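These are my notebook entries on a single structure. I looked up helix packing, a few individual residues and some backbone angles.

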Amino acid sequence: KIVEGMAQYSMIGDGDRVMVCVSGGKDSSVLLSLLTEIQRKAPYHFSVHPVILDQKQPGFYVEAFRQWIEKDLGLTLTVLERDTYSVVTEKIKDGTYCSLCSRLRRGILYDHAVEMGYTKMALGHHRDDLLQTLLLNLFYTGKLASMPPKLRSDDGRNVLIRPMVFVAEKDLSALSESWQIPIIPCNLCGSQQGLKRQKMKELIKTLEKDIPMIGPSMIGALGNV
């Protein structure tokens, strides 16, 4: 599925230096592992560089995750340290942290990619993320839009790719558990309940009981607009 997404949207080419933005969660960890495997078998050369942002939230311990990347994948993990946790918790007193947190994180990662000369930034969003975003935009903002599989940032400096555009979250969960990837929990956005995105996730899961192929159908519809 990852190779299919990479091919359909021309995500990675010969000579690309791909910065994989890992969070310590299951999604980006599986992406990093499989991209490394794809790199070894690809008929062209590209390099893979995992980068994680330590935002100084409580309970963020990176060492077990770093050892997994170094021993199992043979890669070197870059850890960027920025205290965005204090900024977010100070600014957001009533509401969800996700919007501000993601903007701060995105800016730091964008700058690092430019400084290091990475040609692509690979993100761990999967098919379910894209479908939830589609419904959020449809229901709450009145527009048909989702996360693009490939996107040049507004300032033109970075190219973002989402190689797991066709991958279901349940498959990522199964792989992560099977491979015993050491997960770093998020105690910021993961600590808040009742988010709109969670409602969209539950809605799709409910519909899937009657329409088993709703995931592939919806992602196919996004490609046929």
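**Entry 1. Arg-152.** I began with the accessibility of Arg-152 and found a relative value of 51%; the threshold for exposed is over 50%, so Arg-152 counts as exposed. I keep in mind throughout that the model is predicted. I located Arg-152 in strand E5, which covers residues 150-152. I then looked up what the side chain of Arg-152 reaches, and found the backbone oxygen of Gly-156 at 2.9 Å. Setting aside neighbours within four places in sequence, I noted Asn-158 and Val-159 as the contacts of Arg-152. I also computed one C-alpha separation: Arg-152 and Lys-120 are 32 residues apart along the chain, and their C-alpha atoms are separated by 9.5 Å.

**Entry 2. Asp-54 and Lys-56.** I turned next to Asp-54, which I found in strand E2, residues 47-54. Is Asp-54 buried or exposed? Its relative accessibility is 10%, and the limit for buried is under 20%, so I recorded Asp-54 as buried. The side chain of Asp-54 reaches the backbone nitrogen of Lys-56 at 2.9 Å. Beyond its neighbours within four places in sequence, I listed Phe-60, Val-79, Leu-80, Glu-81 and Arg-82 as residues in contact with Asp-54.

The polar partner led me to Lys-56, which I placed in the loop between E2 and H3. I recorded 37% relative accessibility for Lys-56, which therefore counts as partly exposed. I checked its backbone as well: the phi of Lys-56 is near 70°, a positive value in a residue other than glycine. I noted this angle because most residues other than glycine have a negative phi.

**Entry 3. Gln-180.** I recorded another positive phi at Gln-180, about 55°, and this residue is not a glycine either. Gln-180 sits in the loop between H7 and helix H8 (196-210). With a relative accessible area of 67%, Gln-180 is exposed.

**Entry 4. Glu-90.** I found Glu-90 in helix H4, residues 84-91. I read its relative accessibility as 55%, so Glu-90 counts as exposed. For a separation along the chain I took Met-164, 74 residues from Glu-90, and obtained 34 Å between the two C-alpha atoms.

**Entry 5. H2 with H3.** I then turned to helix pairs, for which the description consists of the angle between the axes and the distance between them. Helix H2 (residues 26-41) packs with helix H3 (residues 63-73) at about 20°, and the axes lie 12 Å apart. Angles under 35 degrees count as roughly parallel, so I entered H2 and H3 as roughly parallel to each other. I noted the crossing of H2 past H3 as right-handed. On the H2 side I listed Ser-29, Leu-32, Ser-33, Thr-36 and Arg-40; these meet Phe-65, Trp-68, Ile-69 and Leu-73 of H3. Sorted by class, the contact of H2 with H3 has five nonpolar, three polar and one charged residues.

**Entry 6. H2 with H7.** What angle do H2 and helix H7 make? I found about 75° between H2 and H7 (residues 169-179), with the axes 9 Å apart. H2 and H7 are therefore roughly perpendicular to each other. From H2 the contact takes Lys-26, Asp-27, Val-30, Ser-33 and Leu-34, and from H7 it takes Glu-169, Leu-172, Ser-173, Leu-175, Ser-176 and Trp-179. By class I recorded five nonpolar, three polar and three charged residues in the contact of H2 with H7. I marked Ser-33 in my notes, since this residue of H2 appears in the contact with H3 and also in the contact with H7.

**Entry 7. H6 with H9.** My last pair was helix H6 (residues 127-141) with helix H9 (residues 214-222); their axes come within 10 Å and cross at roughly 65°. I therefore entered H6 and H9 as roughly perpendicular to each other. The crossing of H6 and H9 is left-handed. I listed Arg-127, Leu-130, Leu-131, Leu-134 and Leu-135 in H6 as meeting Gly-215, Pro-216, Met-218, Ile-219 and Leu-222 in H9. By class, I recorded eight nonpolar, one polar and one charged residues for the contact of H6 with H9.

Definitions and conventions:
Residues are numbered from 1 along each chain as its sequence is written. This is a predicted model: local features need pLDDT of at least 70, side-chain atom pairs count only at pLDDT 80 or more; totals for chains, interfaces and linings use all residues. Side-chain values use heavy atoms; hydrogens and water are left out. Axes are lines fitted to C-alpha atoms, for helices over the stretch in contact, and angles run from 0 to 180 degrees between N-to-C directions. Helices (H or I, at least four residues) and strands (E, at least two) are DSSP runs, numbered from the N terminus. Angles under 35 degrees count as roughly parallel, over 145 as roughly antiparallel, 65 to 115 as roughly perpendicular and the rest as oblique. A crossing is left-handed if the near helix is turned anticlockwise from the far one by less than a right angle, and right-handed if clockwise. Contact means heavy atoms within 4.5 Å. Ala, Val, Leu, Ile, Met, Phe, Trp, Tyr, Cys and Pro count as nonpolar, Asp, Glu, Lys and Arg as charged, and the others, Gly among them, as polar. Buried means under 20% relative accessible area, exposed over 50%, partly exposed in between (1.4 Å probe, protein chains only). A polar contact is a pair of N or O atoms within 3.5 Å; within protein, one must be able to donate a hydrogen and the other to accept it, and residues adjacent in sequence count only if both atoms are side-chain atoms.
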